[in-house]
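This report looks at charged side chains and how they pair up. The sequence and the model come first, and the text follows.

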Amino acid sequence: MHILREKIHDNRFLRLIEGALKAGYCEEWTYHPSLSGSPQGGIVSPILSNIYMDRFDRFVQETLIPEHTRNQGRKRHAEYNRLAARVHQYRTKGDRERVKELRREMQQYPSVNPNDEHYRKLRYCRYADDFLLGFAGPKTEAEEIKDRIATFLGTELKLTLSAEKTLITHASTGKARFLGYAIGIMTSPTKMKTDSYIGRKRTVNGTVGMYIPEDVIQTKRKRYMRGEKVIHRPELLNDSEYDIITRYQGEYRGLVNYYGLAHNLARLSHVRWTMETSLLKTLASKKQTSVKKEKKRLKSTNETPAGPRACLKLTIPRKGKSPLIAIFGGLTLKRRKNPVMKDQVLTPIIHRRSELIERLLSNTCVICGAKGKVQMHHIRKLRDLNKQGKREMPLWMKIMLTRKRKSIPLCKTCHDDIHHNRPRLQRHRNRRAG
(Lines give C-alpha, C1' and ligand atoms only; values in the text may rest on other atoms or scores of the structure.)
Protein backbone atom coordinates (compact mmCIF):
# COMPACT_ATOMS: atom_id res chain seq x y z
CA MET A 1 0.00 0.00 0.00
CA HIS A 2 2.94 2.32 0.63
CA ILE A 3 4.18 1.68 -2.94
CA LEU A 4 0.72 2.40 -4.38
CA ARG A 5 0.39 5.66 -2.43
CA GLU A 6 3.57 6.99 -4.07
CA LYS A 7 1.81 7.39 -7.44
CA ILE A 8 -1.94 7.04 -6.66
CA HIS A 9 -3.73 9.69 -4.58
CA ASP A 10 -7.32 8.43 -4.86
CA ASN A 11 -8.17 7.30 -1.33
CA ARG A 12 -11.37 5.52 -2.38
CA PHE A 13 -9.40 3.38 -4.82
CA LEU A 14 -6.67 2.72 -2.25
CA ARG A 15 -9.24 1.64 0.36
CA LEU A 16 -10.76 -0.74 -2.18
CA ILE A 17 -7.36 -2.38 -2.83
CA GLU A 18 -6.60 -2.55 0.89
CA GLY A 19 -9.96 -4.18 1.53
CA ALA A 20 -9.25 -6.78 -1.14
CA LEU A 21 -5.87 -7.53 0.46
CA LYS A 22 -7.45 -8.02 3.89
CA ALA A 23 -10.67 -9.77 2.81
CA GLY A 24 -9.37 -13.28 3.42
CA TYR A 25 -10.44 -16.36 1.49
CA CYS A 26 -12.81 -19.30 1.81
CA GLU A 27 -11.56 -22.86 1.33
CA GLU A 28 -13.89 -25.84 1.74
CA TRP A 29 -16.49 -23.53 3.30
CA THR A 30 -14.00 -22.41 5.95
CA TYR A 31 -12.90 -18.77 6.25
CA HIS A 32 -9.18 -18.02 6.50
CA PRO A 33 -7.85 -14.50 7.16
CA SER A 34 -5.26 -12.89 4.84
CA LEU A 35 -2.09 -12.48 6.89
CA SER A 36 0.14 -11.23 4.06
CA GLY A 37 0.40 -10.99 0.31
CA SER A 38 -2.22 -10.66 -2.40
CA PRO A 39 -4.92 -13.32 -2.83
CA GLN A 40 -3.77 -16.12 -5.13
CA GLY A 41 -5.96 -16.29 -8.20
CA GLY A 42 -7.39 -12.83 -7.60
CA ILE A 43 -8.16 -10.54 -10.52
CA VAL A 44 -5.73 -7.82 -9.41
CA SER A 45 -3.01 -10.18 -8.14
CA PRO A 46 -0.85 -10.19 -11.34
CA ILE A 47 -0.69 -6.40 -11.65
CA LEU A 48 -0.12 -5.97 -7.89
CA SER A 49 2.73 -8.49 -8.15
CA ASN A 50 4.35 -6.54 -11.00
CA ILE A 51 3.96 -3.26 -9.11
CA TYR A 52 5.55 -4.80 -6.03
CA MET A 53 8.42 -6.42 -7.95
CA ASP A 54 9.14 -3.24 -9.91
CA ARG A 55 11.54 -2.14 -7.18
CA PHE A 56 13.49 -5.37 -7.58
CA ASP A 57 13.58 -4.87 -11.38
CA ARG A 58 15.02 -1.37 -10.95
CA PHE A 59 17.58 -2.62 -8.42
CA VAL A 60 18.86 -5.23 -10.89
CA GLN A 61 18.75 -2.93 -13.96
CA GLU A 62 20.22 0.17 -12.31
CA THR A 63 22.63 -1.34 -9.78
CA LEU A 64 23.62 -4.96 -10.39
CA ILE A 65 23.88 -4.95 -14.19
CA PRO A 66 26.10 -1.81 -14.44
CA GLU A 67 28.38 -3.11 -11.67
CA HIS A 68 28.80 -6.58 -13.20
CA THR A 69 29.03 -5.69 -16.90
CA ARG A 70 32.43 -4.79 -18.35
CA ASN A 71 33.63 -4.58 -21.96
CA GLN A 72 31.58 -5.41 -25.03
CA GLY A 73 33.24 -8.74 -25.78
CA ARG A 74 36.04 -11.09 -24.83
CA LYS A 75 39.56 -10.65 -26.14
CA ARG A 76 40.62 -12.74 -29.11
CA HIS A 77 42.50 -15.94 -28.32
CA ALA A 78 46.20 -15.29 -28.97
CA GLU A 79 47.00 -18.59 -30.72
CA TYR A 80 43.79 -18.52 -32.77
CA ASN A 81 44.57 -14.94 -33.82
CA ARG A 82 48.13 -15.88 -34.87
CA LEU A 83 46.88 -18.79 -37.01
CA ALA A 84 44.17 -16.60 -38.58
CA ALA A 85 46.84 -14.14 -39.68
CA ARG A 86 48.88 -16.94 -41.28
CA VAL A 87 45.76 -18.25 -43.05
CA HIS A 88 45.23 -14.80 -44.56
CA GLN A 89 48.89 -14.67 -45.61
CA TYR A 90 48.84 -18.05 -47.39
CA ARG A 91 45.45 -17.34 -48.95
CA THR A 92 46.82 -14.24 -50.67
CA LYS A 93 49.66 -16.40 -52.02
CA GLY A 94 47.17 -18.97 -53.32
CA ASP A 95 48.52 -21.88 -51.25
CA ARG A 96 45.21 -23.69 -50.63
CA GLU A 97 46.73 -26.85 -49.12
CA ARG A 98 48.54 -24.86 -46.44
CA VAL A 99 45.36 -22.89 -45.73
CA LYS A 100 43.41 -26.11 -45.12
CA GLU A 101 46.08 -27.38 -42.70
CA LEU A 102 46.07 -24.14 -40.74
CA ARG A 103 42.25 -24.06 -40.67
CA ARG A 104 42.18 -27.54 -39.11
CA GLU A 105 44.74 -26.37 -36.55
CA MET A 106 42.69 -23.24 -35.78
CA GLN A 107 39.66 -25.36 -34.94
CA GLN A 108 41.54 -26.79 -31.98
CA TYR A 109 41.34 -23.38 -30.23
CA PRO A 110 38.44 -21.10 -29.29
CA SER A 111 38.24 -17.86 -31.24
CA VAL A 112 38.05 -15.78 -28.04
CA ASN A 113 39.63 -16.18 -24.61
CA PRO A 114 37.00 -17.89 -22.39
CA ASN A 115 38.92 -16.85 -19.26
CA ASP A 116 39.19 -13.16 -20.02
CA GLU A 117 39.48 -11.50 -16.59
CA HIS A 118 38.36 -8.12 -17.90
CA TYR A 119 35.05 -9.33 -19.40
CA ARG A 120 31.79 -9.53 -17.44
CA LYS A 121 28.21 -9.74 -18.64
CA LEU A 122 24.94 -9.90 -16.67
CA ARG A 123 21.45 -10.33 -18.11
CA TYR A 124 18.09 -10.47 -16.29
CA CYS A 125 14.60 -11.78 -17.06
CA ARG A 126 11.55 -12.03 -14.76
CA TYR A 127 8.04 -13.44 -15.08
CA ALA A 128 5.81 -12.91 -12.02
CA ASP A 129 7.89 -14.14 -9.06
CA ASP A 130 10.19 -16.33 -11.16
CA PHE A 131 13.39 -14.74 -12.48
CA LEU A 132 16.58 -15.83 -14.21
CA LEU A 133 20.01 -14.18 -14.25
CA GLY A 134 22.60 -15.04 -16.87
CA PHE A 135 26.14 -14.15 -15.80
CA ALA A 136 29.43 -14.54 -17.65
CA GLY A 137 32.08 -14.47 -14.95
CA PRO A 138 33.58 -16.40 -12.02
CA LYS A 139 31.45 -18.33 -9.55
CA THR A 140 32.55 -16.14 -6.62
CA GLU A 141 30.93 -13.10 -8.23
CA ALA A 142 27.81 -15.15 -8.99
CA GLU A 143 27.52 -16.03 -5.29
CA GLU A 144 28.03 -12.36 -4.41
CA ILE A 145 25.18 -11.39 -6.76
CA LYS A 146 22.92 -14.02 -5.16
CA ASP A 147 23.70 -12.72 -1.65
CA ARG A 148 22.99 -9.11 -2.64
CA ILE A 149 19.65 -10.13 -4.18
CA ALA A 150 18.69 -12.03 -1.02
CA THR A 151 19.62 -9.02 1.12
CA PHE A 152 17.64 -6.58 -1.03
CA LEU A 153 14.53 -8.77 -1.11
CA GLY A 154 14.71 -9.33 2.63
CA THR A 155 15.21 -5.69 3.67
CA GLU A 156 13.27 -3.77 1.01
CA LEU A 157 10.43 -6.13 0.04
CA LYS A 158 10.31 -8.52 3.03
CA LEU A 159 10.66 -11.53 0.72
CA THR A 160 12.84 -14.60 1.07
CA LEU A 161 14.52 -16.64 -1.67
CA SER A 162 13.58 -20.29 -1.94
CA ALA A 163 16.70 -22.32 -1.13
CA GLU A 164 15.50 -25.25 -3.29
CA LYS A 165 14.79 -23.16 -6.40
CA THR A 166 17.50 -20.48 -6.18
CA LEU A 167 20.49 -22.28 -7.66
CA ILE A 168 23.78 -21.38 -9.30
CA THR A 169 24.19 -23.58 -12.36
CA HIS A 170 27.19 -23.75 -14.69
CA ALA A 171 25.66 -23.38 -18.16
CA SER A 172 28.24 -25.66 -19.82
CA THR A 173 27.76 -28.63 -17.49
CA GLY A 174 24.12 -28.16 -16.43
CA LYS A 175 20.87 -26.50 -17.40
CA ALA A 176 18.79 -23.96 -15.51
CA ARG A 177 15.00 -24.40 -15.33
CA PHE A 178 12.90 -21.37 -16.21
CA LEU A 179 9.21 -21.30 -17.19
CA GLY A 180 9.21 -24.95 -18.23
CA TYR A 181 12.39 -24.65 -20.34
CA ALA A 182 15.87 -26.02 -19.67
CA ILE A 183 18.42 -23.33 -20.56
CA GLY A 184 22.12 -23.94 -21.09
CA ILE A 185 25.08 -23.38 -23.41
CA MET A 186 25.40 -25.26 -26.68
CA THR A 187 28.70 -26.78 -27.82
CA SER A 188 29.27 -28.39 -31.21
CA PRO A 189 32.67 -28.29 -32.95
CA THR A 190 31.15 -29.71 -36.16
CA LYS A 191 28.32 -27.17 -36.60
CA MET A 192 29.76 -24.58 -39.00
CA LYS A 193 28.85 -22.06 -41.65
CA THR A 194 30.86 -20.51 -44.47
CA ASP A 195 32.32 -17.02 -43.99
CA SER A 196 33.53 -15.01 -46.99
CA TYR A 197 36.73 -13.93 -45.21
CA ILE A 198 37.92 -16.82 -43.05
CA GLY A 199 35.98 -19.68 -44.65
CA ARG A 200 34.08 -22.13 -42.44
CA LYS A 201 33.61 -21.13 -38.82
CA ARG A 202 31.84 -22.53 -35.77
CA THR A 203 28.48 -20.92 -34.99
CA VAL A 204 27.07 -22.90 -32.04
CA ASN A 205 29.78 -22.91 -29.38
CA GLY A 206 28.88 -20.60 -26.50
CA THR A 207 25.36 -19.88 -27.78
CA VAL A 208 22.47 -20.05 -25.33
CA GLY A 209 20.20 -23.03 -26.04
CA MET A 210 16.62 -23.66 -24.90
CA TYR A 211 15.38 -27.23 -24.51
CA ILE A 212 12.29 -29.16 -23.49
CA PRO A 213 13.19 -31.05 -20.28
CA GLU A 214 12.82 -34.81 -20.51
CA ASP A 215 10.68 -34.96 -17.37
CA VAL A 216 8.22 -32.52 -18.98
CA ILE A 217 7.85 -34.82 -22.00
CA GLN A 218 7.23 -37.85 -19.78
CA THR A 219 4.74 -35.92 -17.62
CA LYS A 220 2.75 -34.85 -20.69
CA ARG A 221 2.66 -38.45 -21.93
CA LYS A 222 1.49 -39.86 -18.57
CA ARG A 223 -1.80 -38.01 -18.92
CA TYR A 224 -2.73 -40.40 -21.76
CA MET A 225 -1.20 -43.55 -20.27
CA ARG A 226 -1.78 -46.04 -17.51
CA GLY A 227 1.52 -47.53 -16.53
CA GLU A 228 3.36 -48.20 -19.78
CA LYS A 229 0.24 -48.54 -21.92
CA VAL A 230 -1.60 -45.79 -23.83
CA ILE A 231 -5.29 -45.69 -22.89
CA HIS A 232 -8.48 -44.03 -24.12
CA ARG A 233 -10.22 -41.20 -22.24
CA PRO A 234 -13.64 -42.43 -21.05
CA GLU A 235 -14.72 -38.95 -19.93
CA LEU A 236 -14.89 -37.87 -23.59
CA LEU A 237 -16.98 -40.77 -24.91
CA ASN A 238 -20.22 -38.80 -24.70
CA ASP A 239 -18.78 -35.96 -26.84
CA SER A 240 -18.99 -35.89 -30.62
CA GLU A 241 -16.06 -36.99 -32.79
CA TYR A 242 -15.49 -33.38 -33.85
CA ASP A 243 -15.28 -32.19 -30.23
CA ILE A 244 -12.94 -35.04 -29.23
CA ILE A 245 -10.50 -34.38 -32.08
CA THR A 246 -10.65 -30.61 -31.49
CA ARG A 247 -9.87 -31.08 -27.80
CA TYR A 248 -6.85 -33.29 -28.47
CA GLN A 249 -5.61 -30.87 -31.13
CA GLY A 250 -5.95 -27.89 -28.78
CA GLU A 251 -3.83 -29.63 -26.15
CA TYR A 252 -1.20 -30.67 -28.70
CA ARG A 253 -1.10 -27.29 -30.48
CA GLY A 254 -0.62 -25.54 -27.13
CA LEU A 255 2.51 -27.63 -26.44
CA VAL A 256 3.95 -27.05 -29.92
CA ASN A 257 3.37 -23.29 -29.75
CA TYR A 258 4.71 -22.89 -26.20
CA TYR A 259 7.90 -24.85 -26.89
CA GLY A 260 8.39 -23.36 -30.38
CA LEU A 261 11.72 -21.84 -29.26
CA ALA A 262 13.18 -25.15 -28.08
CA HIS A 263 16.10 -26.56 -30.04
CA ASN A 264 14.83 -30.11 -29.41
CA LEU A 265 11.25 -29.36 -30.45
CA ALA A 266 11.24 -32.60 -32.46
CA ARG A 267 11.11 -34.49 -29.14
CA LEU A 268 7.41 -33.66 -29.04
CA SER A 269 6.92 -36.33 -31.69
CA HIS A 270 6.82 -38.85 -28.81
CA VAL A 271 4.02 -36.87 -27.18
CA ARG A 272 2.20 -36.60 -30.52
CA TRP A 273 2.33 -40.38 -31.04
CA THR A 274 1.00 -40.99 -27.53
CA MET A 275 -1.82 -38.46 -27.97
CA GLU A 276 -2.71 -39.81 -31.42
CA THR A 277 -2.91 -43.38 -30.11
CA SER A 278 -5.08 -42.25 -27.19
CA LEU A 279 -7.31 -40.31 -29.59
CA LEU A 280 -7.75 -43.29 -31.91
CA LYS A 281 -8.53 -45.57 -28.96
CA THR A 282 -11.11 -43.06 -27.68
CA LEU A 283 -12.81 -42.86 -31.08
CA ALA A 284 -12.66 -46.65 -31.51
CA SER A 285 -14.21 -47.15 -28.06
CA LYS A 286 -16.95 -44.65 -28.89
CA LYS A 287 -17.83 -46.33 -32.22
CA GLN A 288 -17.14 -49.91 -31.04
CA THR A 289 -14.56 -50.50 -33.76
CA SER A 290 -10.80 -51.01 -33.99
CA VAL A 291 -7.95 -48.50 -33.84
CA LYS A 292 -6.69 -49.70 -37.22
CA LYS A 293 -10.02 -48.94 -38.92
CA GLU A 294 -10.25 -45.50 -37.33
CA LYS A 295 -6.74 -44.59 -38.42
CA LYS A 296 -7.45 -45.75 -41.96
CA ARG A 297 -10.66 -43.69 -42.03
CA LEU A 298 -9.09 -40.45 -40.72
CA LYS A 299 -5.57 -40.64 -42.16
CA SER A 300 -4.70 -37.54 -44.20
CA THR A 301 -2.08 -34.79 -44.71
CA ASN A 302 -2.01 -31.11 -43.85
CA GLU A 303 -0.04 -28.41 -45.67
CA THR A 304 2.37 -26.36 -43.52
CA PRO A 305 5.05 -23.75 -44.35
CA ALA A 306 7.62 -26.55 -43.95
CA GLY A 307 5.74 -28.91 -46.30
CA PRO A 308 2.98 -31.51 -45.93
CA ARG A 309 2.62 -33.21 -42.55
CA ALA A 310 0.69 -36.37 -41.66
CA CYS A 311 -2.46 -35.85 -39.61
CA LEU A 312 -5.89 -37.21 -38.73
CA LYS A 313 -8.71 -35.29 -40.42
CA LEU A 314 -12.47 -35.46 -39.92
CA THR A 315 -14.73 -33.69 -42.43
CA ILE A 316 -18.41 -33.08 -41.64
CA PRO A 317 -20.41 -31.89 -44.68
CA ARG A 318 -23.16 -29.29 -44.18
CA LYS A 319 -25.94 -28.29 -46.53
CA GLY A 320 -25.45 -24.80 -47.90
CA LYS A 321 -22.36 -24.20 -45.76
CA SER A 322 -18.68 -25.02 -45.84
CA PRO A 323 -17.87 -28.35 -44.15
CA LEU A 324 -16.61 -28.56 -40.59
CA ILE A 325 -13.04 -29.88 -40.46
CA ALA A 326 -11.30 -31.18 -37.34
CA ILE A 327 -7.58 -31.99 -37.57
CA PHE A 328 -5.21 -33.63 -35.13
CA GLY A 329 -1.49 -33.22 -35.82
CA GLY A 330 -0.37 -31.70 -39.09
CA LEU A 331 1.97 -29.27 -37.26
CA THR A 332 5.63 -28.86 -38.11
CA LEU A 333 8.11 -29.59 -35.32
CA LYS A 334 10.79 -27.38 -36.82
CA ARG A 335 12.16 -24.76 -34.41
CA ARG A 336 10.98 -21.19 -34.98
CA LYS A 337 13.25 -18.35 -33.92
CA ASN A 338 10.37 -15.86 -33.80
CA PRO A 339 7.19 -17.89 -33.21
CA VAL A 340 3.89 -16.10 -33.72
CA MET A 341 0.94 -17.24 -31.64
CA LYS A 342 -2.30 -17.31 -33.64
CA ASP A 343 -5.55 -17.36 -31.72
CA GLN A 344 -7.64 -19.76 -33.76
CA VAL A 345 -11.40 -19.43 -33.43
CA LEU A 346 -12.73 -22.99 -33.63
CA THR A 347 -16.35 -23.58 -34.60
CA PRO A 348 -17.92 -25.89 -32.02
CA ILE A 349 -20.76 -28.22 -32.87
CA ILE A 350 -23.70 -27.03 -30.78
CA HIS A 351 -25.80 -29.95 -29.57
CA ARG A 352 -29.24 -28.49 -29.04
CA ARG A 353 -30.64 -31.92 -28.15
CA SER A 354 -29.29 -35.04 -26.56
CA GLU A 355 -28.43 -38.05 -28.68
CA LEU A 356 -31.56 -39.84 -27.41
CA ILE A 357 -33.90 -37.03 -28.50
CA GLU A 358 -32.18 -36.79 -31.89
CA ARG A 359 -32.77 -40.50 -32.49
CA LEU A 360 -36.40 -40.19 -31.40
CA LEU A 361 -37.01 -37.29 -33.77
CA SER A 362 -35.35 -39.18 -36.62
CA ASN A 363 -37.61 -42.21 -35.89
CA THR A 364 -34.68 -44.65 -36.23
CA CYS A 365 -34.32 -47.98 -34.45
CA VAL A 366 -30.88 -48.32 -32.88
CA ILE A 367 -30.76 -52.10 -33.53
CA CYS A 368 -31.97 -52.67 -37.08
CA GLY A 369 -31.95 -49.04 -38.32
CA ALA A 370 -35.57 -49.26 -39.49
CA LYS A 371 -37.33 -45.97 -40.16
CA GLY A 372 -40.79 -45.28 -38.81
CA LYS A 373 -42.54 -44.89 -35.49
CA VAL A 374 -40.27 -46.00 -32.63
CA GLN A 375 -40.95 -47.11 -29.08
CA MET A 376 -38.82 -46.66 -25.97
CA HIS A 377 -37.41 -49.66 -24.12
CA HIS A 378 -36.61 -48.95 -20.44
CA ILE A 379 -34.79 -50.81 -17.70
CA ARG A 380 -34.53 -50.01 -13.98
CA LYS A 381 -30.75 -50.12 -13.54
CA LEU A 382 -27.76 -50.72 -15.80
CA ARG A 383 -26.35 -53.20 -13.31
CA ASP A 384 -29.42 -55.39 -13.85
CA LEU A 385 -28.16 -56.25 -17.33
CA ASN A 386 -26.41 -59.53 -18.08
CA LYS A 387 -22.82 -59.52 -16.78
CA GLN A 388 -21.69 -62.78 -18.40
CA GLY A 389 -19.65 -60.98 -21.01
CA LYS A 390 -20.40 -58.87 -24.05
CA ARG A 391 -20.04 -61.78 -26.45
CA GLU A 392 -23.01 -63.59 -24.86
CA MET A 393 -25.15 -60.45 -24.62
CA PRO A 394 -27.82 -59.52 -27.14
CA LEU A 395 -27.17 -56.41 -29.18
CA TRP A 396 -29.59 -54.17 -27.25
CA MET A 397 -27.76 -54.91 -23.97
CA LYS A 398 -24.40 -54.06 -25.53
CA ILE A 399 -25.77 -50.75 -26.82
CA MET A 400 -27.19 -49.75 -23.42
CA LEU A 401 -24.01 -50.66 -21.55
CA THR A 402 -21.75 -48.94 -24.07
CA ARG A 403 -23.77 -45.70 -24.08
CA LYS A 404 -24.62 -45.97 -20.36
CA ARG A 405 -28.31 -45.33 -21.05
CA LYS A 406 -31.32 -46.93 -19.40
CA SER A 407 -33.57 -46.27 -22.40
CA ILE A 408 -33.16 -46.74 -26.15
CA PRO A 409 -35.52 -46.16 -29.13
CA LEU A 410 -36.60 -49.34 -30.97
CA CYS A 411 -38.99 -50.25 -33.72
CA LYS A 412 -42.06 -52.32 -32.71
CA THR A 413 -40.61 -55.59 -34.04
CA CYS A 414 -37.31 -55.29 -32.14
CA HIS A 415 -39.15 -54.12 -29.02
CA ASP A 416 -41.45 -57.18 -29.10
CA ASP A 417 -38.45 -59.46 -29.67
CA ILE A 418 -36.83 -58.18 -26.48
CA HIS A 419 -39.95 -58.62 -24.33
CA HIS A 420 -40.64 -62.09 -25.75
CA ASN A 421 -36.94 -63.05 -25.52
CA ARG A 422 -36.71 -63.77 -29.25
CA PRO A 423 -33.19 -63.51 -30.71
CA ARG A 424 -33.04 -61.33 -33.78
CA LEU A 425 -31.07 -63.91 -35.79
CA GLN A 426 -33.70 -66.60 -35.14
CA ARG A 427 -36.41 -64.23 -36.37
CA HIS A 428 -34.52 -63.67 -39.63
CA ARG A 429 -34.13 -67.47 -40.12
CA ASN A 430 -37.86 -68.00 -39.63
CA ARG A 431 -38.61 -65.30 -42.22
CA ARG A 432 -36.26 -66.95 -44.75
CA ALA A 433 -37.78 -70.39 -44.13
CA GLY A 434 -41.28 -69.01 -44.61
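## A pair within one helix

By how much of the helix are glutamate 251 and arginine 247 separated in helix H8? They are separated by about one helical turn, because they stand four residues apart in that helix. The model is a predicted one, and in this model the two side chains form a salt bridge whose closest N and O atoms are 3.9 Å apart.

Arginine 247 has a relative accessibility of 41%, so this residue counts as partly exposed. Glutamate 251 has 19% and counts as buried, since the cut-off for buried is under 20%.

## A second partner for glutamate 251

Glutamate 251 also meets arginine 233 in a salt bridge, with an N to O distance of 3.2 Å. This pair links distant parts of the chain. Glutamate 251 belongs to helix H8, which covers residues 241-258, while arginine 233 sits in the loop between strand E11 (229-230) and H8. The two residues are 18 residues apart. Arginine 233 counts as buried, at 6% relative accessibility.

Which residues do salt bridges with shared partners join into one network? They are Arg223, Arg233, Glu235, Arg247 and Glu251.

## A pair between two helices

Near the start of the numbering there is another pair to look at. The side chains of glutamate 18 and arginine 5 form a salt bridge, 3.8 Å from N to O. Glutamate 18 is in helix H2 (residues 11-22) and arginine 5 is in helix H1 (residues 2-7), so the salt bridge ties together parts that are 13 residues apart in sequence.

Is glutamate 18 buried or partly exposed? Its relative accessibility is 23%, so glutamate 18 counts as partly exposed. Arginine 5 is also partly exposed, with a value of 41%.

How many salt bridges does the model have by this rule? The count comes to 21.

## Positive charge on the surface

Some charged residues form a surface patch instead. Arg380, Lys381, Arg383 and Lys406 gather in a patch of positive charge. Residues in such patches have no salt bridge.

One of the patch residues, lysine 381, is placed in the loop between strand E15 (375-378) and helix H12 (395-403). Lysine 381 has 41% relative accessibility and counts as partly exposed. That value fits the patch rule, because patches are made of residues with over 30% relative accessible area.

How values were computed. Residues are numbered from 1 along each chain as its sequence is written. This is a predicted model: local features need pLDDT of at least 70, side-chain atom pairs count only at pLDDT 80 or more; totals for chains, interfaces and linings use all residues. Side-chain values use heavy atoms; hydrogens and water are left out. A salt bridge is a side-chain nitrogen of Lys or Arg within 4 Å of a carboxyl oxygen of Asp or Glu. Buried means under 20% relative accessible area, exposed over 50%, partly exposed in between (1.4 Å probe, protein chains only). Patches are made of residues with over 30% relative accessible area and no salt bridge: like charges are joined within 9 Å, nonpolar side chains (Val, Leu, Ile, Met, Phe, Trp, Tyr) within 5 Å. Accessible areas come from the Shrake-Rupley method with a 1.4 Å probe; for residues, only the protein chains shown count as cover. Lys and Arg count as positive and Asp and Glu as negative; His and the chain ends are not counted. The place of a charge is taken as NZ of Lys, CZ of Arg, CG of Asp or CD of Glu.
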